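Let's take a friendly walk through this model, looking at how its helices pack and what lines its main pocket.

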Amino acid sequence: MKRRKWTPEQKTRVVLEGLRGRPVGEVCAEYAISQNQYYKWRDQFLAQAHRAFEQEHGAQRTARLERENMKLKSLIGELTIELKKSGPFG
């Protein structure tokens with residue numbers, strides 16, 4: 001029998017159905033997984049739940065780094081133009 005590969009999104013959907021009150025036995029039967037597998041995924045999900053709130057901070061950091069990157073690229077472009085103007089070939 002070939003093993004299935006579950007994406008993180010699929011695992012999340014399965015776990016959330018159980019956490020929302022649907023009987024775990026039903027969830028497992030629908031997705032053809034064992035209850036042991038469900039509880040393993042649930043434990044992993046709950047152990048990493050804090051990361052859902054870290055993304056806001058990460059998104060802000062990413063936006064700040066992107067702005068800084070654009071400023072630096074602009075500065076490099078200006079300096080390159082100045083060097084070409086004042087260089088031996090300018």
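## Helices α2 and α3

In this predicted model, α2 and α3 pack with their axes 9 Å apart and at an angle of about 105°. Angles of 65 to 115 degrees count as roughly perpendicular, so α2 and α3 are described as roughly perpendicular to each other.

If you would like to find the contact on screen, look for V24, G25 and C28 on the α2 side, and for Q35, Y38 and Y39 on the α3 side. By class, this contact of α2 with α3 has four nonpolar and two polar residues, and no charged ones.

## Helices α1 and α3

How do α1 and α3 cross, and how far apart are their axes? The axes of α1 and α3 come within 9 Å, and the crossing is at roughly 95°. That angle makes α1 roughly perpendicular to α3.

From α1, the residues K11, T12, V14, V15, L16, G18 and L19 take part in the meeting with α3. Their partners in α3 are Y38, W41, R42, F45 and L46. Sorted by class, the contact of α1 with α3 has eight nonpolar residues, along with two polar and two charged.

Y38 is worth a second look: this α3 residue is part of the contact with α2, and Y38 also meets α1.

## Helices α1 and α2

Here the arrangement is a roughly antiparallel one. Helix α1 spans residues 8-19 and helix α2 spans residues 24-31; their axes come within 8 Å and cross at roughly 155°. Angles over 145 degrees count as roughly antiparallel, and α1 and α2 are therefore placed in that class. The crossing of α1 and α2 is right-handed.

The contact brings together R13, V14, E17 and G18 of α1 with V27, E30 and Y31 of α2. Its residues divide into three nonpolar, one polar and three charged. V14 and G18 of α1 belong to this contact, and V14 and G18 are also among the residues that meet α3.

## The largest pocket

Now to the open space in the model. The largest pocket has a volume of about 390 Å³. Of the 14 residues that line this pocket, R3, R4, W6, Q37 and W41 are the closest to its centre.

Which helix gives the most to the lining of the largest pocket? Helix α3, residues 35-47, does so with four residues. The lining as a whole divides into six charged, five nonpolar and three polar residues. W41, listed among those closest to the pocket centre, is also one of the α3 residues that meet α1.

How values were computed: Residues numbered from 1 in each chain as written. Predicted model: local features only at pLDDT ≥ 70, side-chain atom pairs only at ≥ 80, totals over all residues. Heavy atoms only, no water. 1 Å grid on protein atoms, 1.4 Å probe; cavity = no way out; pocket = protein on both sides within 12 Å on 5 of 7 lines; lining within 4 Å. Points joined across faces, edges and corners; volume = space filled by probe spheres on them. Helix = DSSP H or I, 4+ residues; strand = E, 2+ residues; numbered from the N terminus. Nonpolar A, V, L, I, M, F, W, Y, C, P; charged D, E, K, R; others polar. Axes fitted to C-alpha atoms, helices over the stretch in contact; angles between N-to-C directions. Parallel < 35°, antiparallel > 145°, perpendicular 65-115°, else oblique. Left-handed = near helix turned anticlockwise from the far one by under 90°. Contact = heavy atoms within 4.5 Å.
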